[in-house]
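The exercises below are to be worked with the sequence and the coordinates open. Each gives a task and then a solution in steps.

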Amino acid sequence: MTQAEIKLCSLLLQEHFGEIVEKIGVHLIRTGSQPLRVIAHDTGTSLDQVKKALCVLIQHNLVIYQVHKRGVVEYEAQCSRVLRMLRYPRYIYTAKTLYSDTGELIVEELLLNGKMTMSAVVKKVADRLTETMEDGKTMDYAEVSNTFVRLADTHFVQRCPLVPATENSDSGPPPPAPTLVISEKDMYLVPKLSLIGKGKRRRSSEEDATGEPKAKRPKHTADNKEPIPDDGIYWQADLDRFHQHFRDQAIVSAVANRMDQTSSEIVRTMLRMSEITTSSSAPFTQPLSSNEIFRSLPVGYNISKQVLDQYLTLLADDPLEFVGKSGDSGGGMYVINLHKALGSLATATLESVVQERFGSRCARIFRLVLQKKHLEQKQVEDFAMIPAKEAKDMLYKMLSENFISLQEIPKTPDHAPSRTFYLYTVNILSAARMLLHRCYKSIANLIERRQFETKENKRLLEKSQRVEAIIASMQATGAEEAQLQEIEEMITAPERQQLETLKRNVNKLDASEIQVDETIFLLESYIESTMKRQ
């Protein structure tokens with residue numbers, strides 16, 4: 001765990017959950033697993049506050065617990081899960097793209113609350129969608145429920161582990177902490193709920209949904225609540241499934257850039273066929289026959305079987321080897337080499353960074369060393385056709401930044417420089433790790449800059465919000481245009497310009513965060529895939 005990652009985790013926890021949760025979370029990240037009282041003592045926080053902070057972190061899957069042999073419960077932070085909070089906007093946008101506004105709000109509610117029952121999600125989403133609709137229109141619970149089922153069927157949401165029924169029996173004293181389990185077949189099993197109703201609009205705080213003032217409401221209504229039909233069955237967003245979708249999109253986009261749209265559509269079809277059959281960590285997809293691929297192509301995609309076979313042959317012969325041929329049955333069996341694809345994407349990212357930082361001639365040297373694997377300095381000068389002084393300068397610059405590495409091969413045991421070969425090489429895994437570390441630092445800097453910009457203009461933002469609230473309440477009571485204009489003029493022209501500048505800067509910083517996170521995702525996926533193969 002590097003300092004850059006710890007700092008970024010600290011910023012994310014503080015931004016989402018506040019100072020106390022951030023203090024407990026960062027302490028666990030730094031120290032590893034610890035029992036409750038040790039956490040309270042080391043952080044100087046009261047036991048009650050530590051318990052509440054741990055409840056929040058466990059609810060959002062940011063901390064796990066385990067019971068040791070002596071019966072002590074220890075808590076351990078999940079740093080990689082904390083860093084996933086960076087990607088929340090991307091998860092939500094993906095759900096919107098695939099399942100419209102309803103899917104977007106379902107995933108948003110699950111990410112904001114950590115774990116929720118299906119009935120609670122459906123009701124909350126229906127209410128939120130009803131709020132945005134025209135007067136007189138409402139959102140049916142059944143419609144939201146159908147979208148939830150589709151998300152579960154495609155594994156974008158999954159059930160949380162439960163306490164097994166045997167543990168609830170009165171056979172002895174309860175364990176210090178429950179053991180949560182769930183079987184693979186139940187993970188995406190949606191309970192049969194007959195949710196009947198429509199979303200409700202929020203009324204004024206003085207009235208309930210029936211229009212009765214609060215004072216007249218009978219006090220015994222709270223005791224007459226119906227039992228929740230899916231009580232105890234909680235759901236969460238399956239982030240690994242989202243990552244699989246992001247990886248597939250990156251591969252399809254790379255194929256489209258390298259070849260053409262038809263090739264990318266064939267690869268997309270193969271990936272879609274392999275979504276459920278291939279685990280997200282597998283180096284290859286399951287073999288697919290040419291006939292199966294032809295039958296699964298999107299409706300209206302008019303290419304003949306012969307043209308498809310030509311495209312598949314072309315993809316299999318491509319030097320990048322995204323698609324490989326694994327047999328000749330069924331018109332030819334084809335797989336997508338996911339590990340090779342991620343390696344190519346990570347390498348392309350490194351090349352791009354070298355070009356932006358050091359210029360096109362350095363990028364030429366970098367690509368040359370990548371291609372030839374090992375080169376002496378003289379060979380680099382000759383192959384790249386760059387003068388010796390410039391080539392040496394560029395090589396040392398990239399060497400100092402850890403983009404390339406130097407390997408010594410001595411002719412004699414004494415390692416004398418005159419009798420040693422010095423070969424330049426690119427260790428992609430090591431360079432990817434270095435670049436990933438820099439990306440974490442960049443995102444932490446972007447978040448700090450955004451917080452600074454907001455803090456500097458805090459007074460102006462508060463004034464703007466007050467003015468907007470006054471205008472909204474006056475519009476609701478049917479105020480005249482002249483009165484609204486008068487309220488708007490409370491913010492002067494220079495202040496309005498300052499607000500516009502702030503909005504533009506914050507939007508730019510947010511967009512930069514998302515772009516850097518895309519690079520982080522590619523590098524993390526490549527490193528994880530490589531480590532699993534070793």
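## Exercise 1: the surroundings of α7

Task: State which elements the buried residues of α7 pack against, and find where those residues sit around the helix axis.

Solution. The model is a predicted one. Step 1: the packing partners of the buried residues of α7 are α6 (88-113), β4 (116-117), α8 (141-153) and β6 (234-237). Step 2: the buried residues themselves are Met118, Ser119, Val121, Val122, Val125, Ala126, Leu129 and Thr130. Step 3: viewed down the axis of α7, these buried residues fall within an arc of 160°, so they line one face of the helix. Step 4: as a check on geometry, α7 covers residues 118-132, 15 residues in total, and reaches 22 Å from its first C-alpha to its last, close to the 21 Å expected at 1.5 Å a residue.

## Exercise 2: α8 and the residue after it

Task: Repeat the analysis for α8, beginning with the span expected for its 13 residues, and then give the phi of His155.

Solution. Step 1: at 1.5 Å a residue the 13 residues of α8 should span 18 Å, and the end C-alpha atoms are 18 Å apart, which agrees. Step 2: Tyr141, Val144, Ser145, Thr147, Phe148, Leu151 and Ala152 are the buried residues of α8. Step 3: they cover an arc of only 160° around the axis, which puts them on the same side of α8. Step 4: the cover over these buried residues includes α6, α7, β5 (157-159) and β6. Step 5: His155 comes just after α8, in the loop between α8 and β5. Its phi is positive, about 65°, although His155 is not a glycine.

## Exercise 3: another positive phi

Task: Locate Asn61 and decide whether it counts as buried, partly exposed or exposed.

Solution. Step 1: Asn61 is in the loop between α4 (47-59) and β2 (63-67). Step 2: its phi is near 60°, a positive value in a residue other than glycine. Step 3: for comparison, most residues other than glycine have a negative phi. Step 4: the relative accessibility of Asn61 is 23%, so Asn61 counts as partly exposed; the cut-off for buried is under 20%.

## Exercise 4: the nonpolar cores

Task: Describe the largest nonpolar core and the contacts of Phe366.

Solution. Step 1: the largest nonpolar core has 107 residues, and those with the most contacts inside it are Leu8, Leu54, Trp235, Ile365, Phe366, Met398 and Phe403. Step 2: helix α17 (residues 428-456) gives the most to this core, with 12 residues. Step 3: not counting residues up to four places away in sequence, Phe366 touches Leu350, Glu351, Val354, Met398, Phe403, Ile404 and Val426. Step 4: apart from the largest core lies another, of 24 residues, among them Leu288, Tyr311, Phe322 and Ala341.

## Exercise 5: contacts of Lys325

Task: Place Lys325 in its strand and list its contacts beyond four places in sequence.

Solution. Step 1: Lys325 belongs to strand β8 (residues 323-327). Step 2: with neighbours within four places in sequence left aside, Lys325 is in contact with Ala316, Gly332, Met333 and Tyr334. Step 3: Lys325 and Asn337 are 12 residues apart in sequence, and their C-alpha atoms are 9.9 Å apart in space.

## Exercise 6: annotated spans

Task: Set the UniProt domain features beside the secondary structure of their spans.

Solution. Step 1: UniProt, in an unreviewed entry, lists "domain: RNA polymerase III subunit RPC82-related helix-turn-helix" at residues 7-66. That span is 75% helix and 10% strand, with its end C-alpha atoms 26 Å apart. Step 2: UniProt, again in an unreviewed entry, places "domain: DNA-directed RNA polymerase III subunit RPC3 winged-helix" at residues 350-426. Residues 350-426 are 56% helix and 16% strand, and the end C-alpha atoms lie 10 Å apart.

## Exercise 7: the chain and its confidence

Task: Summarise the chain and find where pLDDT stays under 50.

Solution. Step 1: the chain has 20 helices and 11 strands, and buried residues make up 42% of its 534 residues. Step 2: its C-alpha atoms fill a box of roughly 95 × 65 × 65 Å along the principal axes. Step 3: the mean pLDDT is 82, and 91% of the residues reach 70 or more. Step 4: pLDDT stays under 50 over residues 204-212, for which the model has 11 contacts beyond four places in sequence. Over residues 214-224 the pLDDT is also below 50, and this stretch has 5 contacts beyond near neighbours in sequence.

Notes:
Residues are numbered from 1 along each chain as its sequence is written. This is a predicted model: local features need pLDDT of at least 70, side-chain atom pairs count only at pLDDT 80 or more; totals for chains, interfaces and linings use all residues. Side-chain values use heavy atoms; hydrogens and water are left out. Helices (H or I, at least four residues) and strands (E, at least two) are DSSP runs, numbered from the N terminus. The expected span of a helix is 1.5 Å times one less than its number of residues. Buried means under 20% relative accessible area, exposed over 50%, partly exposed in between (1.4 Å probe, protein chains only). The arc is that of the directions from the helix axis to the C-beta atoms. Contact means heavy atoms within 4.5 Å. UniProt positions are given in the numbering used here, feature names are shortened, and annotations may be inferred rather than shown by experiment. A nonpolar core is a set of buried Ala, Val, Leu, Ile, Met, Phe, Trp, Tyr and Cys residues joined through side-chain atoms within 4.5 Å. pLDDT is the predictor's confidence in each residue, from 0 to 100.
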